[in-house]
Each structure stands twice: as C-alpha cells, then as structure tokens.
Amino acid sequence: MIDASLRKAATRVLECCRAHGLQVATAESCTGGLVAGALTEIAGSSDVVDRGFVTYSDAAKRAMLGVPAATLKRYGAVSAQTAP
C-alpha cells in the first residue's frame, strides 16, 4: 500500500495522461518498481499503464533498455545520462 502523498501524485499522473491521450511505460532501477506499483495500485490504471521494467543490473539496462555499455561505464548506472 502506498502513502497518501504518493497516491495523490500517481493519480495526477494518470489523470494528466488520460487528458492528453498518453500511455505510460516505466523503466526503474533503484526504485525497484515503486513508480509502476504506485500507478497500478489505482483502480482503472490499465487504460494508461502499458508496461514497466525493473532493470537493476547493468546487463539488464543494456539488454532491455538499450543503454550503451559505454554510457554505463562512463557515467554509472545512476546518472542522468543513463536514465533517458
């Protein structure tokens, strides 16, 4: 169960996506799926949430998200350069 402030933020994300006809895909690492979990805990979120990835290892980031090995080596797994 998520706390009230996280639930409120997740609800706002879902509402914004609905208003703009967008879907959400998450790619998480250190959060371990917290973002996807917060979104999908809200009933009816399946109209917005498409998929989620928890890619904790560098190998998973490379294989599932296409993060170049050179980016991981130069900037590390927890960096703005790796996140986009």
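Strand β1, residues 24-28, and strand β2, residues 49-54, run parallel and are joined by five bridges. The model in which this pairing appears is a predicted one. Two of the residue pairings can be located directly: Thr26 has Gly52 in β2 as its bridge partner, and Ala27 stands opposite Phe53 in β2. Between the two strands the chain passes through α2, and the resulting β-α-β crossover is right-handed.

The two faces of β1 may be considered next. In a regular strand, side chains alternate between the two faces of the sheet. In β1, Val24, Thr26 and Glu28 form the covered face, while Ala25 and Ala27 form the uncovered one. Thr26, the partner of Gly52, therefore belongs to the covered face, whereas Ala27, opposite Phe53, belongs to the uncovered face.

Val24 leads from the strand into the interior. The largest nonpolar core has 10 residues in all: Ile2, Ala10, Leu14, Cys17, Val24, Ala38, Leu39, Ile42, Val48 and Val49. Helices α1 (4-20) and α2 (34-40) each supply at least two residues of this core. The most is given by α1, with three residues. Val49 offers a view of how this region is assembled: beyond residues up to four places away in sequence, Val49 touches Leu14, Val24, Leu39 and Thr40. Of these, Leu14, Val24 and Leu39 are themselves members of the core.

From β1 the path continues into the loop that precedes α2, where Ser29 lies. Is Ser29 buried or exposed? Ser29 counts as buried because its relative accessibility is 16%, and the cut-off for that class is under 20%. Leaving aside neighbours within four places in sequence, Ser29 is in contact with Val54, Thr55, Tyr56 and Lys61. With Lys61 the side chain of Ser29 also makes a polar contact of 2.9 Å.

A contrast is provided by Ala70, which lies in helix α4, residues 69-75. Ala70 counts as exposed because its relative accessibility is 56%, and exposed residues are those over 50%. The position of Ala70 can be set against that of Gly37, which is 33 residues away along the chain. The C-alpha atoms of Ala70 and Gly37 are separated by 30 Å.

Definitions and conventions. Residues are numbered from 1 along each chain as its sequence is written. This is a predicted model: local features need pLDDT of at least 70, side-chain atom pairs count only at pLDDT 80 or more; totals for chains, interfaces and linings use all residues. Side-chain values use heavy atoms; hydrogens and water are left out. A nonpolar core is a set of buried Ala, Val, Leu, Ile, Met, Phe, Trp, Tyr and Cys residues joined through side-chain atoms within 4.5 Å. Buried means under 20% relative accessible area, exposed over 50%, partly exposed in between (1.4 Å probe, protein chains only). Helices (H or I, at least four residues) and strands (E, at least two) are DSSP runs, numbered from the N terminus. Contact means heavy atoms within 4.5 Å. Two strands pair if DSSP finds at least two bridges between them. A crossover is right-handed if, with the strands pointing away from the viewer, the path from the first strand over the helix to the second runs clockwise. A polar contact is a pair of N or O atoms within 3.5 Å; within protein, one must be able to donate a hydrogen and the other to accept it, and residues adjacent in sequence count only if both atoms are side-chain atoms.
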